[in-house]
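Visitor: I'm new here and would like to learn how to read a structure like this. Could you walk me through it?
Guide: Happy to. Let's put it on screen and begin.

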Amino acid sequence: MKLFSTALLICTALMAFAQKPQNVILLIGDGMGLSQVSTTFYYKDSDPHFKRFRHIGLVKTSSASNKVTDSAAGATAYASGIKTYNRAIGVDMDTMPVPTIMEELKEKGYCTGLIALCSITHATPGCFYAHVKDRDEHEEIARQLSLAGVDFFAGAGTRYFTKRADEQNSYAVMQKNGYVMDTIQSNKPLEAHKKYGFLLADVEMPSKNNGRDDFLPRTTKAVIDYLDQRSNGKGFFLMSEGSYIDWAGHSKDVEMLIAEQLDFDETIGAALDFAEKDGNTLVIVTADHETGGLSLEKGANKDTIQLTFKTDQHTTPLVPVFVFGPGAENFTGIYENNELQLKLKALLGL
Ligand code: MG
Ligand code: ZN
């Protein structure tokens, strides 16, 4: 314990010398292992945006309960800096709520945003604002989002707001609290003085191959500009998730995987374009775990590769983390998933 606190002190002291970023953009490719990342290098006509990173690390993703994590424990590690049990949303092993980095930054005056392709109450986005024992408590997670004070969110899950067993209407509550709420995708410019909630499908948005347009990169870009204006120098935190990378693995669908991975790469490009121009924004791209045991094997002839999913489950190889911006050098090396959040907090002086 003594050794640990000494190490933490040294770590904090070192961080004090690092340049502190003003804004943080966290992009989570759910289920995105190194093989998934690699597909962009074989299936994109131009250089993948992944190539723009110079600081790269590896993250061990096991949860406190399982060697192979789920997205709930995985996102809780990134949001709250703790290892917990599979299915936990923002709570520890004793089911006690643990503050999230988004909540702590909000307290400090940061603006906050969340984007996902799944329900906004799903495990990955949910862990940044909600605290419940089990990831399936979608209606309670929606209720907690309606009170969380997030400046912007976009995703799916309308039913958990409007068709609830308790007959409450979290959608109406948010409207009453001043949110511009919308269930139809809107390309209208976002106004910095307003708060927004977009619920664009009953349960989840369509996959790329089922007709989703450039929603993820486009919205990520628009929201970065919105948060930049709205925060007016006080800093912002955005989490944007490529949710379908995981689902491609669960359904062993290589076409889906390639389309979703390329879409996520464009999303990374949008974040990096802003961060390069801004010079004061940290971009972190990582995954909660790998899904499907994807392999890139020798194809039918020497110019082709064969993509094969070995399983429809999550797997536990280390996942890559790519970091750009002030303090990025702190994120190289190999560490536990919850340490990523602790490094970020130390860098931000939390
Ligand atoms: Mg997810
Ligand atoms: Zn999954």
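Visitor: Which helix does Phe41 lie in?
Guide: Helices are DSSP runs of H or I with at least four residues, strands are runs of E with at least two, and both are numbered from the N terminus. Phe41 belongs to helix α2, residues 34–43. Before we go on: this is a predicted model, where local features need pLDDT of at least 70, side-chain atom pairs count only at pLDDT 80 or more, and totals for chains, interfaces and linings use all residues. Residues are numbered from 1 along each chain as its sequence is written, chains are lettered from A and ligands numbered from 1 in the order in which they are written, and side-chain values use heavy atoms, leaving out hydrogens and water.

Visitor: Is Phe41 buried, partly exposed or exposed?
Guide: Buried means under 20% relative accessible area, exposed means over 50%, and partly exposed is in between (1.4 Å probe, protein chains only). Phe41 has 41%, so it is partly exposed. Thr40, also placed in helix α2, is buried at 0%.

Visitor: What does Thr40 touch?
Guide: Contact means heavy atoms within 4.5 Å. Leaving aside residues up to four places away in sequence, Thr40 touches Pro48, Phe50, Gln261, Leu262 and Asp265.

Visitor: Now the metals. Which protein donors does the zinc ion (ligand 2) have?
Guide: Donors are N, O and S atoms within 2.8 Å of the metal (3.2 Å for Na, K and Ca); water is not among the atoms, so sites may look incomplete. For zinc they are two OD atoms of Asp246, plus NE2 of His250 and NE2 of His314, lying 2.1 to 2.3 Å from the ion. Asp246 and His250 sit four residues apart in helix α10 (residues 244–250), so about one helical turn separates them. Asp246 is buried, because its relative accessibility is 5%, while His250, at 31%, is partly exposed.

Visitor: Why is the arrangement around the zinc ion (ligand 2) irregular?
Guide: Ideal angles for four tetrahedral donors are 109.5 degrees. Here the four donor atoms subtend angles of 58 to 151°, which makes the arrangement irregular.

Visitor: And which protein donors does the magnesium ion (ligand 1) have?
Guide: Asp30 (OD), Thr124 (OG1) and Glu241 (OE), lying 1.9 to 2.2 Å from the ion. Thr124 in helix α5 (residues 123–126) and Glu241 in strand β7 (residues 236–242) link distant parts of the chain, 117 residues apart. Both Thr124 and Glu241 are buried.

Key:
Tetrahedral: all angles 85-135°; square planar, octahedral: opposite > 155°, others 65-115°.
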